[in-house]
Amino acid sequence: MSGVIWVFSGSPGAGKSTVSAALLGRFPFGLHLSIDDLREQVVSGLAQPALDHPPEAVRQFALARTSAAQTARLYAQEGFAVAVEDVLWPDDLAFMARHWEGLDVRPVRLYTTLEVAHERNRTRTNKTYDTSVLVPLIDGLYGQMPPELFREAGWAVVDSSALSLEATVDALLALTWPARSEFGQS
């Protein structure tokens, strides 16, 4: 009775948090694990993400991803649909997937145009800080995360630029996946 582990990647403003919550609402049991939310539980010494990948930020991201992966496994084994979301590259999935052997893992790169990502970031209400600080990250990551890179690694790519939230969730649920995902293997 294992559940599904959805893994969402995309730049800030791609809709990872919003899509995760809406998707999980379609399941009887759902758990949303945002790497940002886990990281923001650090009370002192929180290292902020940056394009130059400071060592302390890398360490804290690894801790949050490990925590999310282990928690996702526990909940998925109990029948929950789980959404883990972060700015991930295809190689980052293996780091977490080592905890998911035998589970149904569905990696998705949420994609939008650069203009849509900026508009979503400008109008978002789900952050407790001034989201204008994310503008350089959106610009910097856009070229570093081409959809083709993710497709070649076996990720599904969903372009939600012109889709409503409900249409994006419908597109995700319409994707076909192998009976046993290679991403849930050791």
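This is a guided tour of a pocket, a cavity and three helix pairs in a predicted model.

**Stop 1: the largest pocket**

Start by selecting P12, K16, D36, D86 and V87. Of the residues lining the largest pocket, these lie nearest its centre. Centre the view on them. The space in this pocket comes to about 1,000 Å³.

Now widen the selection to the whole lining, which counts 44 residues. Which elements give two or more residues to it? Colour these helices to see: α1 (16-24), α2 (35-39), α3 (55-77), α4 (90-97), α5 (114-123), α6 (135-144) and α8 (165-174). Pick out α3 among them. With 5 residues, α3 gives the most to the lining.

Next, colour the lining by residue class. Nonpolar residues number 22, while polar and charged residues number 11 each.

**Stop 2: the largest cavity**

Leave the pocket and select S11, R109, Y111, T112 and Y142. These five names make up the lining of the largest cavity. Its volume is about 30 Å³. How many cavities of 30 Å³ or more does the structure hold? The count is 1.

Keep the class colouring on. The cavity lining has 2 nonpolar, 2 polar and 1 charged residues. Remember Y142 from this lining; Y142 of α6 comes back at Stop 4.

**Stop 3: α3 against α4**

Show α3 and α4 as cartoons. Their axes cross at roughly 55 degrees and come within 9 Å. The two helices are therefore oblique to each other. Look at the handedness too: α3 passes α4 in a right-handed crossing.

Now add side chains. On α3, select A62, R65, T66 and A69; on α4, select D92, F95 and M96. These residues meet across the pair. By class, this contact has 4 nonpolar, 1 polar and 2 charged residues.

**Stop 4: α5 against α6**

Move to α5 and α6. What is the angle at which they pack? It is about 160 degrees, and the axes are 10 Å apart. Angles over 145 degrees count as roughly antiparallel, so that is how α5 and α6 run relative to each other. The crossing of α5 past α6 is right-handed.

For the contact, show L114, A117, H118 and N121 on α5. Then show V135, I138, D139 and Y142 on α6. The class split for α5 with α6 is 5 nonpolar, 2 polar and 1 charged.

**Stop 5: α1 against α8**

Finish with α1 and α8. Their axes lie 10 Å apart, and the packing angle is about 65 degrees. That makes α1 roughly perpendicular to α8. Once more, check the handedness: α1 passes α8 in a right-handed crossing.

Which residues of α1 meet α8? Select T18, V19, A22 and L23. Their partners in α8 are L165, T168, V169, L172 and L173. Colour by class a last time. The contact of α1 with α8 has 7 nonpolar and 2 polar residues, and no charged ones.

**Back to the pocket**

Zoom out with the three pairs still coloured. The helices α1, α3, α4, α5, α6 and α8 are among the elements that give two or more residues to the lining of the largest pocket. Add α2 (35-39), which also belongs to that list. Return to P12, K16, D36, D86 and V87 to find the part of the lining nearest the pocket's centre.

Key
Residues numbered from 1 in each chain as written. Predicted model: local features only at pLDDT ≥ 70, side-chain atom pairs only at ≥ 80, totals over all residues. Heavy atoms only, no water. 1 Å grid on protein atoms, 1.4 Å probe; cavity = no way out; pocket = protein on both sides within 12 Å on 5 of 7 lines; lining within 4 Å. Points joined across faces, edges and corners; volume = space filled by probe spheres on them. Helix = DSSP H or I, 4+ residues; strand = E, 2+ residues; numbered from the N terminus. Nonpolar A, V, L, I, M, F, W, Y, C, P; charged D, E, K, R; others polar. Axes fitted to C-alpha atoms, helices over the stretch in contact; angles between N-to-C directions. Parallel < 35°, antiparallel > 145°, perpendicular 65-115°, else oblique. Left-handed = near helix turned anticlockwise from the far one by under 90°. Contact = heavy atoms within 4.5 Å.
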